[in-house]
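Here's a quick walk through the empty spaces of a protein and what sits in one of them. Have the structure open as you read.

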Amino acid sequence: MTRRPYIVGNWKMHGTRAMLSEARTIDRAAQRHMKVEVALAPPYTLIHPIHREAEQIAVGAQDCHEADGGAHTGDISAAMVADAGASFVILGHSERRQNHRETDALVRAKAEAALAAGLKIIMCCGESADTRESGKAVAFVKAQLKASLPPADAMPADVAERLTVAYEPIWAIGTGTAATTDDIAEMHGEIRALLIQLFGEEQGSEVRILYGGSVKPDNAAEIFAVPEVGGALVGGASLTADSLMGIALAASEPSAN
Ligand code: PEP
């Protein structure tokens, strides 16, 4: 990893105000792990309260609408989450692609809206178990990622600052079974090559590529040792400060593990 490792907790649809004390604990612990960048993506309702108190961690949203505003009952715009204190948004998560039928084109429109609102984006990609078994995982993920990202001329000049990619094989999310380090190495290498092809050597080689899918404190160190892994997008294990910061510790002190 050439840049600071990036550990992002995706709280999904978990968390009421009772979880604010956990976020506080994560924020305090992150101040002791400055070699690692720690961020939380709580439900929309907790973005502002966590942002208001956070001294170290960044706060982000788990999605946003592609339009600036209008008659979209129940939706929320990129400008709104930015106004609440979000500095980034996760886009194209497989749960959004599956549960809300989000297409690559829609995800790309959301990415353009988020960047225009000044947000950083974490762009998710990942294959199903069937796709992996059919031997087409690399081709699928590269095509999905390319179609979900705005083209280079629609990206800000500081692509590496504004874009993070998260490789999350769908079959590894929430299952307790992470991808093998060989599979992660292969996919992250392919994603790196694609990012360089799309955005040039200078920016494309600096974009952080996170792995997501059943990352826990006890498997984090071996995953972070894989070339081109720049951190983790963490679901279940991000809900307590102990487990999220266990993962952050593995990223900050790789030699100790
Ligand atoms: C996720 O949904 O982004 C994720 C990685 O979940 P988990 O860590 O629970 O597998």
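A polar contact here is a pair of N or O atoms within 3.5 Å. Keep in mind that this is a predicted model.

## Contacts with the ligand

With that cut-off in hand, start at Gly174: one of its backbone N or O atoms lies 2.7 Å from an oxygen atom of the ligand. Gly235 also uses its backbone, with a polar atom 2.8 Å from a ligand oxygen. His93 brings in its side chain instead, placing a polar atom 2.8 Å from an oxygen atom of the ligand. How much of the ligand does the protein bury? Taken alone, the ligand exposes 290 Å², and 95% of that is buried by the protein.

## The shell around it

There are 14 residues around the ligand, and the ones that come nearest are Lys12, Glu168, Gly174, Ser214 and Gly235. So Gly174 and Gly235 are on that list, and both turned up above with backbone atoms by a ligand oxygen. Sorted by class, the shell has eight polar residues, four nonpolar ones and two charged ones.

## The pocket that holds the ligand

Which pocket does the ligand take up? Its space is the second largest pocket, with a volume of about 210 Å³. That pocket is lined by 20 residues, and Lys12, Gly174, Ser214, Gly235 and Gly236 are the closest to its centre. The lining splits into 11 polar, six nonpolar and three charged residues.

## The largest pocket

The largest pocket has a volume of about 440 Å³. Its lining is made of 19 residues, with Lys12, Met13, Gln62, Arg96 and His100 closest to the centre. Lys12 is a residue to click on: it's listed here among those closest to the centre, and it's also listed for the centre of the second largest pocket.

Which helix gives the largest share of this lining? That's helix 4, residues 94-99, with three residues. By class, the lining of the largest pocket comes to seven nonpolar, seven polar and five charged residues.

## A closed space

Now for the cavities. The count of those with 30 Å³ or more comes to one, and the largest cavity has a volume of about 60 Å³. Its lining is Leu20, Ala23, Arg24, Asp27, Pro49, Ile50, Glu53, Ala54 and Ile57.

Helix 1 (20-30) and helix 2 (44-53) each supply at least two of these lining residues. Helix 1 has the largest share, at four residues. What about the classes in this lining? There are six nonpolar and three charged residues, and no polar ones.

Notes:
Residues numbered from 1 in each chain as written. Predicted model: local features only at pLDDT ≥ 70, side-chain atom pairs only at ≥ 80, totals over all residues. Heavy atoms only, no water. Near = heavy atom within 4 Å. Polar contact = N/O pair within 3.5 Å; in protein donor to acceptor, adjacent residues only side chain to side chain. Areas by Shrake-Rupley, 256 points an atom, 1.4 Å probe, with all protein chains shown as cover. 1 Å grid on protein atoms, 1.4 Å probe; cavity = no way out; pocket = protein on both sides within 12 Å on 5 of 7 lines; lining within 4 Å. Sits in = over half its atoms within 2 Å of the grid points. Nonpolar A, V, L, I, M, F, W, Y, C, P; charged D, E, K, R; others polar. Points joined across faces, edges and corners; volume = space filled by probe spheres on them. Helix = DSSP H or I, 4+ residues; strand = E, 2+ residues; numbered from the N terminus.
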